[in-house]
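Welcome to a short set of exercises with worked solutions. Keep the sequence and the model open beside you as you go.

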Amino acid sequence: MATDVSQREALIHLGASTAEAVARVLEMFVPGGVERGDVTVVGENQTPFVNLPTGGVAASVRYIDGVTGANVLLMPANCARGLATAIGAGEQEDGPLTELEMSAVGEASNQMLASAAAAISVVIGQEIDISPPDVRIIDPDIDSADVWG
């Protein structure tokens, strides 16, 4: 007997697989420092970017082969700074993230989002290629819909 899976259930499964893959890579950089939240599905006429923390970091990759879409990883500035420190960017003072910190976050994000794409690949049974990560400081002037879809 076949089980019908709703679109919402499929998206939650995909989200959970993605979150688990990202968490595994992040755990390598900051052992014991990963907090996992619930996977939710945003309604069709809603934006998931409503509560972006200004000054935080958004790292994204686009799928360039296999499927259409993207993954966006969001983190507050203090988490981005901690991640950069954990992977060797050195201790930085308070204030805006430095170019070195942004580069370190980009490298970590590339590994996390590549892992997420691999997890999605397994779920859908199709290989996925991704673009290099685009890492940005979250700014109130950014139109999230234009940047991330």
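**Exercise 1. Is Glu 44 buried or exposed?**

Solution. Begin with the ground rules: this is a predicted model, where local features need pLDDT of at least 70 and side-chain atom pairs count only at pLDDT 80 or more, while totals for chains, interfaces and linings use all residues. Residues are numbered from 1 along each chain as its sequence is written, and side-chain values use heavy atoms, with hydrogens and water left out.

Step 1: find Glu 44 in the loop between α1 and β1; helices (H or I, at least four residues) and strands (E, at least two) are DSSP runs, numbered from the N terminus.
Step 2: apply the cut-offs, where buried is under 20% relative accessible area, exposed is over 50%, and partly exposed is in between (1.4 Å probe, protein chains only).
Step 3: Glu 44 has a relative accessible area of 79%, so it is exposed.
Step 4: look back along the chain to Arg 24, 20 residues away, and you will find 29 Å between its C-alpha atom and that of Glu 44.

**Exercise 2. Classify Ser 131 and Ala 118 by the same cut-offs**.

Solution. Step 1: Ser 131 sits in the loop between β3 (129-130) and β4 (134-137).
Step 2: its relative accessible area is 16%, so Ser 131 is buried.
Step 3: list its partners, where contact means heavy atoms within 4.5 Å; beyond residues up to four places away in sequence, Ser 131 touches Val 61, Arg 62 and Ile 64.
Step 4: Ala 118 belongs to helix α3, and at 43% relative accessible area it is partly exposed.

**Exercise 3. Describe the overall fold.**

Solution. Step 1: count four helices and four strands.
Step 2: read them from the N terminus as α-β-β-α-α-β-β-α.
Step 3: the radius of gyration is 16 Å, close to the 15 Å of the globule rule for 149 residues, so the protein is as compact as a globular protein of that length. Here the radius is taken over C-alpha atoms, and the rule is 2.2 Å times the number of residues to the power 0.38.
Step 4: among contacts with a separation of 6 or more, 62% join residues 24 or more positions apart.
Step 5: buried residues make up 31% of the 149.

**Exercise 4. Which residues have the most contacts inside the largest nonpolar core?**

Solution. Step 1: define the core as a set of buried Ala, Val, Leu, Ile, Met, Phe, Trp, Tyr and Cys residues joined through side-chain atoms within 4.5 Å.
Step 2: the largest one has 19 residues, and Val 57, Leu 73, Met 75, Ala 80, Leu 83, Val 105 and Met 112 have the most contacts inside it.
Step 3: α1, β1, β2, α2 and α3 each supply at least two of its residues, with the largest share, seven, coming from α3.
Step 4: follow Val 57 outward; beyond its neighbours within four places in sequence, its contacts include Leu 73, Met 75, Ala 80 and Val 105.
Step 5: set this beside a general tendency: in soluble globular proteins, nonpolar side chains tend to be buried together.
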